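The following report describes one protein chain, moving from single residues to helix packing and aromatic contacts. Please read it alongside the sequence and the coordinates.

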Amino acid sequence: MHMRRILVLAGIVALALSVAAAAQTSPPKIGVMNVLRAIVECSEGKQANEEFQKKFEAKRDELSRKQKEIETLQQQLKSQAATLNEEAGAALARSIEAKTTDLKRSQEDAEKEFNELRNQVFNRIGSKLAPLVQQYAKEKNFTLVLDSSSQTTQLTYVDPATDITDDVVKRYDAMQVSSTSPAPAAKPATAAPPPRAPAAKPPATTTATPKK
């Protein structure tokens, strides 16, 4: 499942950033950004989607097992209705009812859990994305940046040349990489060379005096 289909349930985040124009007489410069796509396609969003999918699939398998248990018991009650005594039939019916209630509660808990996970991903990335877009807009002298993924924006046409989504995603990924890169290790101090020993003096030469 694409991250878009996952996050869209949490709602669309509208992003409208007003930036002062570089010159009052210059015409307004308007940019468009798909906030949802930026969250989906940035490296952090992709990683969050992978983690989300693992949890989602595990929970889905758990709920599927519970559903099959209920169906098996229901089939058993139906096929053995004529042979089960009243007490056994009532006990089986209570078991089905209890498991059905448990399944419904598990489904509700799972829906709440995954909604919270989606919101956490959206808020975590969005909180870091907004100031980055503001900085980008100021650098590029944009007067206004609109969110094309918001249903409230209702854009009928967008010139691809005004879309800054790809640039923002690249800058966001670069920012994340630089913030997580370890600081370069300090170079070890170079040890001073040991003092050189003074050169040994040559032994004095003794000249023998001939005897008279």
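Ile39 is found in helix α2, which covers residues 35-41, and in this predicted model the residue is buried, with a relative accessible area of 0%. Its C-alpha atom lies 8.1 Å from that of Val169, although Ile39 and Val169 are 130 residues apart in sequence. A second pair of this kind involves Ile164, which is found in the loop between β3 and α5 and is buried at a relative accessible area of 3%. Ile164 and Val133 are separated by 31 residues in sequence, and their C-alpha atoms are 9.2 Å apart in space.

As for the overall arrangement, the chain has five helices and three strands, and these follow one another along the sequence in the pattern α-β-β-α-α-α-β-α. Of the 212 residues of the chain, 26% count as buried.

**Helices α3 and α4**

Two packed helices are described by the angle between their axes and the distance between the axes. For helix α3 (residues 43-79) and helix α4 (residues 86-139), the angle is about 170° and the axes are 9 Å apart. Because angles over 145 degrees count as roughly antiparallel, α3 and α4 are described as roughly antiparallel to each other. The residues of the contact of α3 with α4 divide into 16 nonpolar, nine polar and 11 charged.

How far apart are the end C-alpha atoms of α3, and what span should its 37 residues have at 1.5 Å a residue? The expected span is 54 Å, and the end C-alpha atoms are 53 Å apart, which agrees. The buried residues of α3 are Glu44, Gly45, Ala48, Asn49, Phe52, Gln53, Leu63, Lys66, Ile70 and Leu73. An α-helix has 3.6 residues a turn, so residues three or four places apart point the same way.

**Aromatic pairs**

The structure holds four aromatic pairs, and a pair of aromatic rings is described by the distance of the centres and the angle of the planes. Two of the pairs are set out here with these values.

| Pair | Centre to centre | Between the planes | Geometry |
|---|---|---|---|
| Phe56 and Phe114 | 5.6 Å | 70° | edge-to-face |
| Tyr136 and Phe142 | 6.4 Å | 20° | stacked |

In the edge-to-face pair of Phe56 and Phe114, Phe56 lies in helix α3 and Phe114 in helix α4, so the pair ties together parts that are 58 residues apart in sequence. Phe56 has 27% relative accessibility and counts as partly exposed, whereas Phe114 is buried, with a relative accessible area of 6%. Phe52, Phe56 and Phe114 form one aromatic cluster, and Phe52 is itself among the buried residues of α3.

In the stacked pair of Tyr136 and Phe142, Tyr136 counts as buried at 6% relative accessibility, and Phe142 is also buried, with a relative accessible area of 8%. The ring of Phe142 has a further partner, in that the charged end of Lys29 sits over this ring, 4.6 Å from its centre.

**Backbone angles in two loops**

Most residues other than glycine have a negative phi, and most peptide bonds are trans. Against that background, two residues deserve a separate note.

Asn141, which lies in the loop between α4 and β3 (144-147), has a phi near 60°, a positive value in a residue other than glycine. Is Asn141 buried, exposed or partly exposed? With a relative accessible area of 40%, Asn141 is partly exposed.

Gln154 lies in the loop between β3 and α5 (165-180), and its phi, near 55°, is again a positive value in a residue other than glycine. Gln154 is exposed, with a relative accessible area of 64%, because a value over 50% counts as exposed. The loop between β3 and α5 holds Ile164 as well, and Ile164, in contrast to the exposed Gln154, is buried at 3%.

Key:
Residues numbered from 1 in each chain as written. Predicted model: local features only at pLDDT ≥ 70, side-chain atom pairs only at ≥ 80, totals over all residues. Heavy atoms only, no water. Axes fitted to C-alpha atoms, helices over the stretch in contact; angles between N-to-C directions. Helix = DSSP H or I, 4+ residues; strand = E, 2+ residues; numbered from the N terminus. Parallel < 35°, antiparallel > 145°, perpendicular 65-115°, else oblique. Nonpolar A, V, L, I, M, F, W, Y, C, P; charged D, E, K, R; others polar. Phe/Tyr/Trp six-rings, centres within 6.5 Å; stacked < 30°, edge-to-face > 60°. Buried < 20%, exposed > 50% of the residue type's maximum accessible area, 1.4 Å probe, protein only. Lys NZ or Arg CZ within 6 Å of the ring centre and 35° of its normal. Expected span 1.5 Å × (residues − 1).
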